[in-house]
Amino acid sequence: MPDCKLSLRLKPMHGFKVQPSPKLGLALMPDEAQVILKWWLGLPLTPEGTPCPLCHHNMDAWGHHMLTCRSGGDVITRHNQLRDCIADFCHKKALSAKIDDFQFNQLFNSSSLADRARLLSITSPHASSWLSVVPSEGLGLHLNPDQFQVAIKWWLGLDTSGGSLCSLCPDTVLDPLGHHASTCKRGRDAVFRHNRLRDVVAESCRLAHLSVKVEAGNNLTPDHSHTRPADVLVQNWSRGRPAAFDICVTSPLNTLTLSEAGVCAGAAAQAGEVRKHSANDDKCGDLGSVLCPPGD
């Protein structure tokens, strides 16, 4: 049967990877290193039953009493050293955050309106989550090398167009920040992206065992006066009423909202929400459903 005490000691081995540094207090005298290695390997530190010189209790061979004896100052010293390390780490983390904020403000204040809108967008909560997703081709969560390079260039605000023309719009020069390339109405990318988001919302509702209809709402009345207000219609959403989810993909670089998006993060999404409410609140009210655009 393996020695339980030995197995517990062998699990955390990070201490052996520390580079000795007397200035940082990360150094051991030869005698100290020998005692620690004996304790680590389970070798007897003292003969069993040796009296403790401080409290006169019998010491165990494993060194437990030696490490935890309350009569000496080692326990308090060790506690205070750990406390000081945590306080120093928190101080450095706070200082690092202040340096990051200062550098960001310098970059933001020297940027154009379009770059400010981009910076506010990419620093919003969860905006960078795509960078930490584990690639999975089976789940559609993967990018090929060319796609990843373009995405990183776009994320960093680098030129993604090289001054080339849009292959679908005659005489339209692609902008460096990639706004036209990602929102061009003549291609299928905008519709494809919208539909993928719609399907993700619908599938999430199904996983929650909700009754879902996709692209619901066409021809809901005999006179066809209520066209589709719902990309995803969820039955029995709240108090027996259905909810109409209207997916809206917005861009902070849209000229209609750029002045606001360059000052306030999420301004483009809020404008899209207001637009959806204005267009569909009355329709949903007549149909007895609740409109849930982005942001709700």
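In this short talk I will go through a pair of helices, then three strands, and then the nonpolar core of this structure, which is a predicted model.

Let me begin with the helices. Two packed helices are described by the angle between their axes and the distance between the axes. For helix H4, residues 74-109, and helix H5, residues 113-122, the axes come within 9 Å and cross at roughly 150°. Since angles over 145 degrees count as roughly antiparallel, H4 and H5 are therefore roughly antiparallel to each other. On the H4 side the contact is made by Phe104, Leu107, Phe108 and Asn109, while H5 brings Arg116, Leu119 and Leu120. Sorted by character, the residues of this contact are five nonpolar, one polar and one charged.

Now please turn to the strands. S4 and S5 run antiparallel and are joined by four bridges, and they form a hairpin with two residues between them, where Arg239 in the turn has a positive phi of about 55°. Within this pairing, Leu233 has Ala244 of S5 as its bridge partner. S5 also pairs with strand S6, residues 290-292, through three bridges, and here the two strands run parallel, with Ala243 standing opposite Val290 of S6.

Where does S5 sit, buried or exposed? Four of its five residues are buried, and the strand is mostly covered.

That leads to the largest nonpolar core, whose eight residues are Ala202, Cys205, Val212, Val232, Val234, Ala243, Phe245 and Cys292. Helix H8, strand S4 and strand S5 each give two or more residues to this core. As for Cys292, the residues that it touches beyond four places away in sequence are Trp237, Ala243, Ala244, Phe245 and Asp246.

Key:
Residues are numbered from 1 along each chain as its sequence is written. This is a predicted model: local features need pLDDT of at least 70, side-chain atom pairs count only at pLDDT 80 or more; totals for chains, interfaces and linings use all residues. Side-chain values use heavy atoms; hydrogens and water are left out. Axes are lines fitted to C-alpha atoms, for helices over the stretch in contact, and angles run from 0 to 180 degrees between N-to-C directions. Angles under 35 degrees count as roughly parallel, over 145 as roughly antiparallel, 65 to 115 as roughly perpendicular and the rest as oblique. Contact means heavy atoms within 4.5 Å. Ala, Val, Leu, Ile, Met, Phe, Trp, Tyr, Cys and Pro count as nonpolar, Asp, Glu, Lys and Arg as charged, and the others, Gly among them, as polar. A nonpolar core is a set of buried Ala, Val, Leu, Ile, Met, Phe, Trp, Tyr and Cys residues joined through side-chain atoms within 4.5 Å. Buried means under 20% relative accessible area, exposed over 50%, partly exposed in between (1.4 Å probe, protein chains only). Two strands pair if DSSP finds at least two bridges between them.
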